[in-house]
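User: I would like to go through the labels on this model one by one. Please give the reasoning behind each.

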Amino acid sequence: MAAGRPRSAAEHDSDDDSYEVLDLTEYARRHHWWNRVFGRNSGPIVEKYSVATQIVMGGVTGWCAGFLFQKVGKLAATAVGGGFLLLQIASHSGYVQVDWKRVEKDVNKAKKQLKRRANKAAPEINTLIEESTEFLKQNIVVSSGFVGGFLLGLAS
């Protein structure tokens with residue numbers, strides 16, 4: 001079409017007819033790449049609510065979880081750090097005598113016990129990871145909103 005030439009009404013109508021509406025839900029059902037990426041069971045649960053509703057629900061719950069995680073984490077870090085500081089002050093002042101050889105022995109014993117328990121728990125952890133992965137595949141939109149909200153909650 002030449003620049004500057006006025007368009008007739010017939011040309012406007014023919015341009016409008018050339019556009020096609022693409023329904024993404026039908027597209028995802030017909031194309032197999034969706035199933036390869038997100039799994040075969042990802043459809044029905046995800047389609048229960050609109051995408052916007054899922055993102056908002058995931059974002060709000062993620063923000064709340066992130067905010068609480070931040071506050072509890074700060075409280076726990078303050079308590080542990082404060083306790084350690086008080087122990088050091090008491091030790092330095094002579095109120096408490098710490099047997100560091102015994103502490104080292106007990107820590108090494110605890111490490112060995114943790115290694116033994118970790119080897120026994122490996123199949124259970126793998127099952128938990130598989131179940132979590134399946135859940136994330138089935139609820140990818142809500143999960144994405146949750147992660148975004150969680151990160152915002154940590155930052156606020």
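Analyst: What follows takes the labels in turn and sets values against cut-offs.

User: What is the model's origin, and how confident is the predictor along the chain?

Analyst: This is a predicted model. The mean pLDDT of the chain is 78, and 69% of the residues score at least 70. Confidence varies by element: helix α4 (residues 43-46) has the lowest mean pLDDT, 52, while α5 has the highest, 90.

User: What makes up the fold, helices or strands?

Analyst: The chain has 7 helices and 0 strands. From the N terminus on, the order reads α-α-α-α-α-α-α.

User: How do you know that the span of α5 agrees with the expected one?

Analyst: Compare two numbers. With 43 residues at 1.5 Å a residue, α5 should span 63 Å; its end C-alpha atoms lie 62 Å apart, so the two agree. Just after α5, Gly94 has a positive phi of about 95 degrees.

User: And what about the span of α7?

Analyst: Helix α7 covers residues 140-155, 16 residues in total. The distance from its first C-alpha to its last is 23 Å, close to the expected 22 Å.

User: Why is Gly58 called buried?

Analyst: Gly58 has a relative accessible area of 0%. Buried means under 20%, so Gly58 qualifies.

User: Where does Gly58 sit, and what does Gly58 touch?

Analyst: Gly58 belongs to helix α5. Leaving out residues up to four places away in sequence, Gly58 touches Val142, Gly145 and Phe146. The C-alpha atoms of Gly58 and Val147 are 7.8 Å apart, although 89 residues separate them along the chain.

User: Which other residues of these two helices are buried?

Analyst: In α5 the buried set is Gln54, Gly58, Gly59, Gly62, Gly66, Gln70 and Ala90. In α7, Val141, Ser143, Gly145, Gly149 and Gly153 are buried. Across the chain, buried residues account for 13% of the 156 residues.

User: How many aromatic pairs are there, and why is the one between Phe69 and Phe150 called tilted?

Analyst: The count is 3 aromatic pairs. The ring centres of Phe69 and Phe150 are 5.7 Å apart, within the 6.5 Å limit, so they pair. Their planes stand at 50 degrees. Stacked needs under 30 and edge-to-face over 60, so this pair is tilted. The pair links distant parts of the chain, with Phe69 in helix α5 (residues 51-93) and Phe150 in helix α7, 81 residues apart.

User: Why is the pair of Phe146 and Phe150 called stacked?

Analyst: Their ring centres are 6.1 Å apart, again within 6.5 Å. The planes meet at 25 degrees, under the 30 degree cut-off, so the pair is stacked. Phe146 and Phe150 are 4 residues apart in helix α7, about one helical turn. Ring pairs join Phe69, Phe146 and Phe150 into a cluster.

User: What makes Phe69 exposed, but Phe146 and Phe150 partly exposed?

Analyst: Phe69 has a relative accessible area of 54%; exposed means over 50%, so the label fits. Phe146 is at 32%, between the 20% and 50% cut-offs, so Phe146 is partly exposed. Phe150 is at 22%, so Phe150 is partly exposed too.

User: What can be said of the contacts and the surface of the chain?

Analyst: Among contacts between residues at least 6 apart in sequence, 77% join residues at least 24 apart. The chain exposes about 13000 Å², with carbon and sulfur atoms supplying 64% of it.

Technical notes:
Residues numbered from 1 in each chain as written. Predicted model: local features only at pLDDT ≥ 70, side-chain atom pairs only at ≥ 80, totals over all residues. Heavy atoms only, no water. Expected span 1.5 Å × (residues − 1). Buried < 20%, exposed > 50% of the residue type's maximum accessible area, 1.4 Å probe, protein only. Phe/Tyr/Trp six-rings, centres within 6.5 Å; stacked < 30°, edge-to-face > 60°. pLDDT = per-residue confidence, 0-100. Contact = heavy atoms within 4.5 Å. Areas by Shrake-Rupley, 256 points an atom, 1.4 Å probe, with all protein chains shown as cover.
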